[in-house]
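Visitor: I would like a close look at a single part of this chain, with enough of the surroundings to place it. Could you walk me through it at an unhurried pace?

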Amino acid sequence: MAANYQTSFNINVDDLQYMLKQINIAEATSIGYTAAPKTIVQSIIDTYGGDAISAALLPAGLRTVNGAFNNLLIAPTGIPGTPGYNPGTSLFGAADTLFPRLTDPVFQTVNGPGIDFNGDGIIDVVNHNYGDASAAPGTQIRSVADADPRLISNLIVDMSVNNPAAIAAYLSNPLSLEQFAADHPGKNPVAPGGIVNLNDLEVTNLDLRTIPNQSPDIGLSPGFNSWMTFFGQFFDHGLDLVTKGSNGTVYIPLAADDPLYNKGADGIANKVVDAYFVSDP
């Protein structure tokens, strides 16, 4: 027997008309459909009216797979691949395009000579600082070994009494304190080890298991939710695929107290190379 699928997503005439307009805009700007293609901005103006500025801000037309023409505020001039071509802002956010900077970069200094992968005392990856323009002897690769990104990640996701940041977030969140008062009437929440009288009670992992979301404007706006997580994954994966300009690799070693640190089958941790730890192969 066929399953009876139901959905609340319904298409009406207005939806179809809207989609048809976007298709027409796209066809008018494509050399595959017209001998004299228009710019996306001009095609949007012809369809919806208005001027170039308002047309560039409308969510109209179709965009390219590589991200080109997501930004239409300043239209390109000239012919791509020829002298004098100016892409304007049409390549902002596109693939294989340098990110524009609003301020001058300040690169952090990374301590340590590099990484010893197998614990033999030999540096396998010579360390360079972020933004270091000099290459290692005999190579053009400028890799960085930096344990801080993993440390920051652990501090964000660790919602236990082992994380002072989680305890601070809990004690500074009025929603958390309301829940604590309901769970422990007459008790004052304090950080582990901070008991001073009989009315104080240390917060536990059970208390920290859910730190309520609160918006930055003291709860006036809706709190954050899983969409922030989805965006973070999307943004991170996008950065992973950004061309690094042959600048090597950023290695993020695991410290010995990291939950994922593995001493290997022999049970012996690798040697420490200037505070950098790695797992056995």
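Guide: Happily; what follows starts with the whole chain, settles on the first two helices and the stretch that joins them, and then visits a loop further along.

Please keep in mind that this is a predicted model. The chain averages a pLDDT of 78, and 78% of the residues score at least 70. One stretch to read with care is residues 271–281, where pLDDT stays under 50; the model has 44 contacts beyond four places in sequence for these residues.

As for the overall layout, the chain holds eight helices and six strands. Read from the N terminus, the order of elements is α-α-α-β-β-β-α-α-α-β-β-α-α-β. The chain has 281 residues, of which 21% count as buried. It exposes about 19,800 Å², with 61% of that supplied by carbon and sulfur atoms. Among contacts with a separation of 6 or more, 40% are between residues 24 or more positions apart.

Now to the part itself, beginning with helix H1. This helix covers residues 13–28, 16 residues in total. From its first C-alpha to its last it reaches 23 Å, close to the 22 Å expected at 1.5 Å a residue. At its start, a side-chain oxygen of Asn12 comes to within 3.1 Å of the backbone nitrogen of Asp14. The buried residues of H1 are Gln22, Ile25, Ala26 and Ala28. A general point helps when reading such a list: an α-helix has 3.6 residues a turn, so residues three or four places apart point the same way. What lies over the buried residues of H1 includes helix H2, residues 40–48.

From H2, a good residue to pick out is Ser43, which is found in that helix. Ser43 counts as buried because its relative accessibility is 3%, and the cut-off for buried is under 20%. Leaving aside residues up to four places away in sequence, Ser43 touches Asn24, Ile25, Ala28, Thr29 and Lys38. Two of these names, Ile25 and Ala28, appeared above among the buried residues of H1.

Lys38, one of the residues touched by Ser43, has a partner of its own. The side chains of Lys38 and Asp46 meet in a salt bridge, at 2.7 Å from N to O. Side chains of opposite charge can pair when their charged atoms come close. A search of the whole structure finds one salt bridge. Lys38 counts as partly exposed at 39% relative accessibility, and Asp46 also counts as partly exposed, at 44%.

Between H1 and H2 runs a loop, and Ser30 lies in it. With a relative accessibility of 24%, Ser30 counts as partly exposed. The side chain of Ser30 reaches the backbone nitrogen of Gly32 at 3.1 Å. Ser30 and Ile40 are ten residues apart in sequence, and their C-alpha atoms are 9.3 Å apart in space.

For the last stop, follow the chain into the loop between helix H3 (52–57) and strand S1 (114–115), where Pro76 has its place. Pro76 is partly exposed, with a relative accessible area of 26%. Eleven residues separate Pro76 from Pro87 in sequence, yet the two are 4.2 Å apart in space, C-alpha to C-alpha. Not counting residues up to four places away in sequence, Pro76 touches Phe69, Tyr85, Asn86, Pro87, Gly88 and Ser90.

Two of those neighbours deserve a visit, and the loop between H3 and S1 is also the place of Phe69 and of Ser90. Phe69 is partly exposed, with a relative accessible area of 28%. Its phi is near 70 degrees, a positive value in a residue other than glycine. For context, most residues other than glycine have a negative phi.

Ser90, by contrast, counts as buried, at 2% relative accessibility. A polar atom of the Ser90 side chain lies 2.5 Å from the backbone oxygen of Pro87. Beyond residues up to four places away in sequence, Ser90 touches Gly67, Ala68, Phe69, Asn70, Asn71, Ile74, Pro76 and Tyr85. Phe69 and Tyr85 are thus named for Ser90, and they are named for Pro76 too.

Note on methods: Residues are numbered from 1 along each chain as its sequence is written. This is a predicted model: local features need pLDDT of at least 70, side-chain atom pairs count only at pLDDT 80 or more; totals for chains, interfaces and linings use all residues. Side-chain values use heavy atoms; hydrogens and water are left out. Helices (H or I, at least four residues) and strands (E, at least two) are DSSP runs, numbered from the N terminus. The expected span of a helix is 1.5 Å times one less than its number of residues. Buried means under 20% relative accessible area, exposed over 50%, partly exposed in between (1.4 Å probe, protein chains only). Contact means heavy atoms within 4.5 Å. A polar contact is a pair of N or O atoms within 3.5 Å; within protein, one must be able to donate a hydrogen and the other to accept it, and residues adjacent in sequence count only if both atoms are side-chain atoms. Accessible areas come from the Shrake-Rupley method with a 1.4 Å probe; for residues, only the protein chains shown count as cover. pLDDT is the predictor's confidence in each residue, from 0 to 100. A salt bridge is a side-chain nitrogen of Lys or Arg within 4 Å of a carboxyl oxygen of Asp or Glu.
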